[in-house]
Amino acid sequence: QMNHMQVVTVSRIVNYELNMLTPFKYDILVETPWMVPIVWEGTFNSELLHEHFQLQNVTIGLAVFAIKELLIFLKLFLETAEEYFMEGYRMKYYIFTDKPESVPLIQLKRGRQMVILEIQSHAHWQNLSMYRMERISTFSRLRFIREVDYLVCADVDIKFWNHVSVEILSSLFGTLHPGFIGRRRDSYDYERLPQSQAHIPVNEGDFYYTGAFFGGSVLEVYKLTKFCHQAMMVDQAHNIKSMWHDESYLNKYLLYHKPTKVLSPEYMWDKNLLKLPVFAKMDARRELVQKITKQSLK
Ligand code: 2GW
Ligand code: MN
């Protein structure tokens, strides 16, 4: 289990340019107050990172839920992940679905596998996205821990635009939600009801993280998802609904268990929200979701 960056000897052919005096961007925060990197394009050297992670021979899992109507997003998700996600690494897709027979059969590149995990689409969940925490924690403990080093969890209604690779890997990482960049913590959409397990007081908070992309070592993802699931269960028993479902609990966890890497909003770009000239890697396809939902309601 690799929870730390280990010291790895890299070959001398990696002769990269070190642009310490002319940083790529000036107007971005590149380190959290607890001194872990905030990953933006241009702040890392891919060649050097590849050498490091290839020598460690890592295997990465990508867990995604495609239940009910949202199954329609799976094809584009998988196709773009094949093109851009962890290219050249051993990888396993873990697809949780209620319709295994409808999972699109796409050609996977070498070293990449697809595992289809059938689950029921329980109606009692306030929001199906919350069900992910329970399933991911259970499967992390029973299966993922033996099969992959890192586990990445993603929404299905996204597409990859650009390479997303080992620069994201760390014990625990979260992604900055594009809608809250540059805003004060008291304006974040944290859960404000004091009775909720997801509650964060107005004078606390670092960042607002998206529920659409997070991950880390399997052990850390297990701890996070287990916490979120248990907290949800407590709230559900008291009939408390959180502001943003699983995302509220994720934010609670990441505030008190600091991630070891933070991904910039380039990793979950949303062109409706974010107009900064950033290098978009992934796209939260809200517009498309709304369109499709409207169509299916007709
Ligand atoms: C069912 C009812 C209401 C909302 C979602 C679903 C649903 C979610 C579903 O019918 N089928 C399904 O597979 N999902 C999975 O949950 C799927 O992987 C989807 O991408 C994920 C999150 O739901 P989504 O994409 O509709 O939520 P968003 O795009 O509004 O996302 C943010 O807020 C969510 C909580 O409300 C989550 O935290 C999510 O991670 C956030 O990006
Ligand atoms: Mn989504």
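**Exercise 1. Which protein donors does the manganese ion (ligand 2) have, and how far from it do they lie?**

Solution. This is a predicted model. Start at the ion. Its protein donors are Asp155 (OD), Asp157 (OD) and Asp157 (OD). They lie 2.1 to 2.4 Å from the manganese ion. Next, take the accessibility of Asp157. Its relative accessibility is 14%. Buried means under 20%. Asp157 therefore counts as buried.

**Exercise 2. Classify the packing of helix H4 against helix H5 by angle, then describe the contact.**

Solution. Step one: geometry. H4 spans residues 218-237 and H5 spans residues 246-256. The two helices pack at about 125 degrees, and their axes are 9 Å apart.

Step two: class. Angles of 65 to 115 degrees count as roughly perpendicular, and those over 145 as roughly antiparallel. The pair fits neither range, so H4 and H5 are oblique to each other.

Step three: handedness. The crossing of H4 past H5 is right-handed.

Step four: residues. H4 contributes Glu220, Lys223, Leu224, Phe227, Cys228, Ala231, Met232 and Asp235. H5 contributes Asp246, Tyr249, Leu250, Lys252, Tyr253 and Leu254. By class, this contact holds nine nonpolar and five charged residues, with no polar ones.

**Exercise 3. Find how many residues of H5 are buried, and name what they pack against.**

Solution. Count first. Of the 11 residues of H5, 10 are buried, so the helix is largely enclosed by the rest of the structure. The buried set is Asp246, Glu247, Ser248, Tyr249, Leu250, Asn251, Lys252, Tyr253, Leu254 and Leu255. Now look for partners. These residues pack against helix H3 (128-147), strand E7 (172-175), strand E8 (213-217) and H4.

**Exercise 4. Describe the surroundings of Phe173 in strand E7.**

Solution. Place the residue: Phe173 is in E7. Check exposure: with 1% relative accessibility, Phe173 counts as buried. List the contacts, leaving out residues up to four places away in sequence. Phe173 touches Val152, Ile168, Phe213, Phe214, Gly215, Gly216, Pro259, Lys261 and Leu263. Take one pair: Phe173 and Gly216 are 43 residues apart in sequence, yet 5.7 Å apart in space, C-alpha to C-alpha.

**Exercise 5. Name the buried residues of helix H2 and the strands they pack against.**

Solution. H2 covers residues 74-84. Its buried residues are Leu74, Phe77, Leu78, Thr80, Ala81, Glu82 and Tyr84. They pack against strands E2 (59-66), E3 (90-97), E4 (112-118), E5 (150-154) and E6 (158-160). Finally, look past the helix. Met86 follows H2 and has a positive phi, near 55 degrees.

How values were computed
Residues are numbered from 1 along each chain as its sequence is written. Chains are lettered from A and ligands numbered from 1 in the order in which they are written. This is a predicted model: local features need pLDDT of at least 70, side-chain atom pairs count only at pLDDT 80 or more; totals for chains, interfaces and linings use all residues. Side-chain values use heavy atoms; hydrogens and water are left out. Axes are lines fitted to C-alpha atoms, for helices over the stretch in contact, and angles run from 0 to 180 degrees between N-to-C directions. Helices (H or I, at least four residues) and strands (E, at least two) are DSSP runs, numbered from the N terminus. Angles under 35 degrees count as roughly parallel, over 145 as roughly antiparallel, 65 to 115 as roughly perpendicular and the rest as oblique. A crossing is left-handed if the near helix is turned anticlockwise from the far one by less than a right angle, and right-handed if clockwise. Contact means heavy atoms within 4.5 Å. Ala, Val, Leu, Ile, Met, Phe, Trp, Tyr, Cys and Pro count as nonpolar, Asp, Glu, Lys and Arg as charged, and the others, Gly among them, as polar. Buried means under 20% relative accessible area, exposed over 50%, partly exposed in between (1.4 Å probe, protein chains only). Donors are N, O and S atoms within 2.8 Å of the metal (3.2 Å for Na, K and Ca); water is not among the atoms, so sites may look incomplete.
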